[in-house]
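Work through the exercises below with the sequence and the model open. Try each task before reading its solution.

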Amino acid sequence: MKRERALQVVLVLVGLFYSFWGYLLFDALWHSSWLNGHNDVLPMFLSLNTALGPCLLLAVKQPAKHRLMIAYGAWSSFAHGFTMTIQSAEAAAHGMHRRDSPQDIVIFVAIGVALLALLPAKQASPAGAPISEPRFAER
């Protein structure tokens with residue numbers, strides 16, 4: 001029970017964190033700041049993570065039923081951290097400095113680790129039936 005409660009706390013924190021990106025998305029679109037540097041990838045990236053936030057918040061009530069969404073949140077955080085690591089290494093190799101700090105990479109890796117470590121176990125299908133097989137109530 002403590003593990004599920006810990007997962008719920010992590011889901012709320014991460015869900016709010018990603019939902020806040022909606023503000024950044026709105027700000028970028030409203031002020032057309034993404035046009036200045038021809039950075040049209042930023043709003044698209046923000047929209048994906050903004051959408052992930054409410055999905056993780058919806059998973060708080062019954063995490064076991066939203067296992068796939070939680071796993072997606074973890075793996076997408078790992079992918080983001082990995083991409084930022086490669087970008088930072090490439091920038092350093094070319095004598096450039098990225099705006100993102102190493103703490104950002106650590107944050108996304110920590111989110112992925114926390115979500116995967118607390119991921120609910122797979123639930124067995126009832127009566128050994130395949131998941132794709134519909135169940136009908138007996139009359």
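The exercises go from the whole chain to single helices and residues.

This is a predicted model: local features need pLDDT of at least 70, side-chain atom pairs count only at pLDDT 80 or more, and totals for chains, interfaces and linings use all residues. Residues are numbered from 1 along each chain as its sequence is written, and side-chain values use heavy atoms, with hydrogens and water left out.

**Exercise 1. The whole protein**

Task: State how many helices and strands the protein has, and what percentage of its residues count as buried.

Solution:
- Helices (H or I, at least four residues) and strands (E, at least two) are DSSP runs, numbered from the N terminus.
- The protein has five helices and zero strands. The order from the N terminus is α-α-α-α-α.
- Buried means under 20% relative accessible area, exposed over 50%, and partly exposed in between (1.4 Å probe, protein chains only).
- Of 139 residues, 29% count as buried.
- Contact means heavy atoms within 4.5 Å. Among contacts with a separation of 6 or more, 74% join residues 24 or more positions apart.

**Exercise 2. Helix lengths**

Task: Check the end-to-end distances of H3 and H4 against their expected spans.

Solution:
- The expected span of a helix is 1.5 Å times one less than its number of residues.
- H3 has 18 residues, so it should span 26 Å; its end C-alpha atoms are 27 Å apart, which agrees.
- H4 has 27 residues, so it should span 39 Å; its end C-alpha atoms are 39 Å apart, which agrees.
- After H4 comes Gly95, with a positive phi near 70°.

**Exercise 3. The buried side of H4**

Task: Find which helices cover the buried residues of H4, then place Ser77 and Ile105 in the picture.

Solution:
- The buried residues of H4 include Ile70, Gly73, Ser77, His80, Gly81 and Met84.
- Their cover includes helix H1 (2–30), H3 and H5.
- Ser77 counts as buried because its relative accessibility is 0%.
- Beyond four places in sequence, Ser77 is in contact with Tyr18, Phe108, Ile111 and Gly112.
- The side chains of Ser77 and Tyr18 also make a polar contact at 2.8 Å. Such a contact is a pair of N or O atoms within 3.5 Å; within protein, one must be able to donate a hydrogen and the other to accept it, and residues adjacent in sequence count only if both atoms are side-chain atoms.
- Ile105 sits in helix H5 (residues 102–117). At 17% relative accessibility, Ile105 is buried.
- Ile105 touches Gly81, Met84, Thr85 and Ser88, leaving out residues up to four places away in sequence.
- The C-alpha atoms of Ile105 and His80 are 8.0 Å apart, with their positions 25 residues apart along the chain.

**Exercise 4. The loop after H3**

Task: Decide whether Ala64 is buried, partly exposed or exposed, and name what it touches.

Solution:
- Ala64 lies in the loop between helix H3 (41–58) and helix H4 (67–93).
- Its relative accessible area is 31%, so Ala64 is partly exposed.
- Not counting residues up to four places away in sequence, Ala64 touches Pro120 and Gln123.
- Ala64 and Pro120 are 56 residues apart in sequence, yet 5.4 Å apart in space, C-alpha to C-alpha.

**Exercise 5. Two states in H3**

Task: Contrast Leu57 with the buried residues of H3.

Solution:
- Buried in H3 are Pro43, Leu46, Asn49, Thr50, Leu52, Gly53 and Leu56.
- Leu57 is also in helix H3. At 30% relative accessibility, Leu57 counts as partly exposed.
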